[in-house]
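Visitor: I should be grateful for a close look at the aromatic side chains of this model and at the parts of the chain around them. Please take one region and follow it through.

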Amino acid sequence: MRNKLNIGLFGFGIVGTGLYEVLNKSKLLEASISRIVVKDPTKKRSIGTELFSFDKNDILNDASINVVVELINDSEAAFEIVKQALKSGKHVVSANKKMIAEHFEELIQLAKENNVSILYEAAVGGSIPIIRNLEEYYNNDSLSSVQGIVNGTTNYILTQSNFGVSYQDALKKATELGFAEIDPTLDVDGFDSKFKLVLLIKHAFGLIVEPKNVFNYGIRNIKPQDVKYAGEKGYRIKLFSRAEKLNDDVVGFVAPHFVKNDHFAYQVDNEFNAVVVEALFSDKQLFIGKGAGSYPTASAVLSDISALQFDYQYEYRKTTDNNVSELEDDFFLKVYVGSEFIESINEIPFFRIDEVYQGGDYNYQIGWVRFNDIKSFNLNDLLDLSLIVLPEPFVASNQTEKLKRERIQYLSELEN
Ligand SMILES: NC(=O)c1ccc[n+]([C@@H]2O[C@H](COP(=O)([O-])OP(=O)(O)OC[C@H]3O[C@@H](n4cnc5c(N)ncnc54)[C@H](OP(=O)(O)O)[C@@H]3O)[C@@H](O)[C@H]2O)c1
């Protein structure tokens, strides 16, 4: 039997208006919006004013409303709204990755205690149905990695950089197109991608990790020389949110990566998002779609609302407990480090250097670094340095024999 859903909507911006329209167009759904709470009483609205209110309690204290859809752009206020809604026995649908990632443990607990659902498909990858797939489809398949482009703004800027468009111009355009966050550092420094990664890690591997412990390095420092290097080597640069099993541990972080033309992400351009899931029996599977924008994001919200008709809730079956866990940070990865200044590159403690280039106005070094060492730098603020991860698989800290052997060989070749 379908539940009749009476929705209280918070926010009538890009996603909120999109939801209002797609909900009106989808005749099959037994759901209607009975109240919309927004912030600014002076703002002109695209629909009549009857449904609007500016007091959150007009939704939260209304016993006839059984679903709260939270689509506001203030994560602190969103947390208060969502918390109160769950405590009042209302189901919640949200697109707010920051709010969920920062309060994951508490929100899951609150939903459980009050026997209601909190669903957030739109919070990761916009229109891509990745959360529910990780939750349901891959339950019995042993997942080894989840990797994706989950931020439309940075993918748009990186795509445009291939055509010589400057970082500032591309960011301005992404803002005009409505997919950049109000605070662009959330996008360009990889915070938005990190919040989404936190959600992916929970549904892929069952771990709750705290955003502050997850490394995020964005695209602000990428220079035209790095883009040129990528073009010469047949690479493109993509910002990945990445988590994978390394032996019995889970490693994960956000950073720019070089990808070759045979990689899933090579052709994923502009505001499109894509996630690849790798599992023991199904091998690699690619999900691709619009990661932002009014209708695409609203479509994921609509899907969550639709699932509530059938009492759907995430079961978090991969979880052994709902406590905060740690990612493994002791492993090695191969990186490119570029800078105008050789001294800046020398700050990075390479475990093994494979290639050094010193040009007149730009220099780079390629080699293996310990992730723990990289994590200790605040790379987003080191504007004269760009670090980009190369495609080689990670090496666990107890499997560095090969790296060491090759390093000795490299050093002896240098001496001869
Ligand atoms: N835009 C996208 O493509 C996209 C994609 C995926 C996820 N999301 C997420 O979806 C959410 C909404 O994003 P958006 O782009 O639609 O934002 P937006 O266009 O900036 O609209 C935000 C809305 O929130 C309302 N609001 C702000 N603070 C409020 C408060 N304290 N109480 C009630 N209403 C409040 C604003 O009211 P006023 O209208 O009165 O100013 C506005 O209607 C965010 O969490 C965002 O991260 C967005």
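Guide: The charged end of Arg236 sits over the ring of Tyr266, 4.2 Å from the ring centre; such a placement requires NZ of Lys or CZ of Arg within 6 Å of the ring centre and within 35 degrees of the ring normal. Arg132 likewise lies over the face of Tyr312, at 5.3 Å from the centre of that ring. The model is a predicted one, in which local features need pLDDT of at least 70 and side-chain atom pairs count only at pLDDT 80 or more, while totals for chains, interfaces and linings use all residues. Residues are numbered from 1 along each chain as its sequence is written, and side-chain values use heavy atoms, with hydrogens and water left out.

Turning to contacts between rings, a search of the whole structure yields 22 aromatic pairs. Rings of Phe, Tyr and Trp (its six-membered ring) pair if their centres lie within 6.5 Å; planes under 30 degrees apart count as stacked, over 60 as edge-to-face and the rest as tilted. Tyr137 and Tyr138 form an edge-to-face pair, with 5.1 Å from centre to centre and 75° between the planes. Tyr137 has 53% relative accessibility and therefore counts as exposed, whereas Tyr138, at 1%, counts as buried. Here buried means under 20% relative accessible area, exposed over 50%, and partly exposed in between (1.4 Å probe, protein chains only).

Ring pairs also link Tyr229, Tyr235, Phe258, Tyr336, Tyr357 and Tyr364 into a cluster. One of these residues, Tyr336, leads to strand β15, where its bridge partner is Ile388. Strands are DSSP runs of E with at least two residues, numbered from the N terminus. Strand β12 (residues 331-339) pairs with β15 in the antiparallel sense over five bridges; for two strands to pair, DSSP must find at least two bridges between them.

Strand β15 (residues 385-389) is largely enclosed by the rest of the structure, because five of its five residues are buried. Leu385, Leu387 and Val389 point one way from β15, and Ser386 and Ile388 point the other way, all of them buried.

A further aromatic residue, Phe272, lies in strand β10 (residues 272-279). Phe272 counts as partly exposed because its relative accessibility is 33%.

Conventions
Helix = DSSP H or I, 4+ residues; strand = E, 2+ residues; numbered from the N terminus.
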